[in-house]
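I opened the notebook today to go through some strands, a helix, a surface patch and the cysteines, one after another. My entries follow in the order in which I looked things up.

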Amino acid sequence: VDIFAPPAAVSGETVRAAIESYSIPSGYDYFDAVKATREVREQILAGRNLDAVPDEVHVRYGVTVAPADLRSFPTSITCTDDGIVSGSLCFDDFQQTHLWLGEGVLIWHESTDGKWFFVRANNYSGWVRASDIGICSREEMRGYVRSSSFAVTLEQKLVDVAGVEMRLMMGTRLALDATGAVLAPVRGEDGQLELRRCSIDIRMSTGYLPYTLNNVMELAFRLLDTPYSWGGAQGYNDCSATLLSVYYCFGIDLPRNSSSMVRMDSHNHTRGDMDFASLQPGSLAVVPGHAMMYLGCVDGEAYILHDVNALYYPKKGGGLDKEHVGRTIVSSTSDLYRKTGLSFLQKNLSGKRSSTS
């Protein structure tokens, strides 16, 4: 959505529908690794503060002052099907995505305790900690997020930003002042957005990088061994965020998750008939539930870069062996399998052509 041209107000029905689009999934019965009780479930649902949604919601505006987790509910409680939230399994169903530092958001609602905002970002809606948002006017939001003078981070790194340690994602866009210094968005004591001049120890480009194959490849390989994190929790990447991180450096917006990427205009193939020769290196290769970057072919074997939690390999005599990966890797395509027993190329594979020079 275009968050810079919204109506000043939206209907309460629209806001309630967006909030209620998230539900606690059946079978995900562990909250913070403990069997969930009915009482805790009711507390989580009550925290949405639905009775306080008015018939007409006057939109407020904000800018993220830190990489911010975006959640299904206003809670930091993890929700899993097996009580494991790290190691070989790290899927927290309440984690939807994360927002980069310096993103603009529309604030539609707040939780019962006031500690969470329900926001509409350009490609997602959900609950974000209020402490991660600096409240401002629409003009101030637009002025920062669309500043004509800006820099883009070219690596993912834990750094100090205006006195706060945070893990900046590759592709973070930061406004610059007239001297070329970074203006970091900060939440003031009153919750309002402040801009603080600072220096950050991270590789940056003034403006977007030229969209060339060399630049795409160099940035992608800088993400090798980056830890995997479902929904980008704690400032790390999942599979689709890896691709966004690279392409944000060129000013190219992509949908946030693989299911949306599949719907992009593309060169589509099904069930293993992908002609990789028709794709340029740097193109997206997307299957249901997973997004990858095509790198090229060696001796007829296609290679991809992807951030993946686990891979499966066929056993002698049948069945699959599982390898926990949990990071960004480069791998071939022919010998990689999913837990369903199908290879990646036996799923509906959609290739999104790159057009770099």
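Which residue in β19 is the bridge partner of T153? I kept in mind that I was reading a predicted model, and I found that T153 has M204 as its bridge partner in β19. I then looked at the strands around this pair, and noted that β13, residues 150-153, is joined to β19 by 3 bridges, with the two strands running antiparallel.

Next I traced the sheet to which they belong, which is an open one of 3 strands in the order β16-β13-β19, paired in the antiparallel sense. Its edge strands are β16 (173-175) and β19 (204-206), each of which pairs on one side only. From one strand to the next, I recorded a twist that averages 30°.

I turned to another open sheet, where 3 strands follow the order β3-β2-β7, again with antiparallel pairing. Here the edges are β3 (34-35) and β7 (79-80), and each of them pairs on one side only. Between β2, residues 30-31, and β7 I noted 2 bridges in the antiparallel sense, and within this pairing F31 has C79 of β7 as its bridge partner.

Since C79 had come up, I asked myself whether this cysteine is buried or exposed. C79 counts as buried because its relative accessibility is 0%. I looked up C198 as well, and this cysteine is also buried, since its relative accessible area of 15% is under the 20% cut-off. I then checked for disulfides, and the count came to 0.

For the helix entry, I asked how many residues of α5 are buried. Helix α5, which spans residues 239-248, is mostly covered, with 10 of its 10 residues buried. Among them I wrote down C239, S240, T242, L244 and Y248. I added a reminder for reading the helix: an α-helix has 3.6 residues a turn, so residues three or four places apart point the same way.

Last, I went to the surface, where F221, L224 and V330 form a nonpolar patch with about 220 Å² of accessible area together. I followed V330 further and placed this residue in strand β24, which covers residues 320-332. Why does V330 count as partly exposed? Its relative accessibility is 36%, which means that V330 falls between the 20% limit for buried and the 50% limit for exposed.

Technical notes: Residues numbered from 1 in each chain as written. Predicted model: local features only at pLDDT ≥ 70, side-chain atom pairs only at ≥ 80, totals over all residues. Heavy atoms only, no water. Patch = residues over 30% accessible without salt bridge, like charges linked within 9 Å, V, L, I, M, F, W, Y side chains within 5 Å. Areas by Shrake-Rupley, 256 points an atom, 1.4 Å probe, with all protein chains shown as cover. Salt bridge = Lys/Arg side-chain N within 4 Å of Asp/Glu carboxyl O. Helix = DSSP H or I, 4+ residues; strand = E, 2+ residues; numbered from the N terminus. Buried < 20%, exposed > 50% of the residue type's maximum accessible area, 1.4 Å probe, protein only. Pairing = 2+ DSSP bridges. Axes fitted to C-alpha atoms, helices over the stretch in contact; angles between N-to-C directions. Disulfide = S-S within 2.5 Å.
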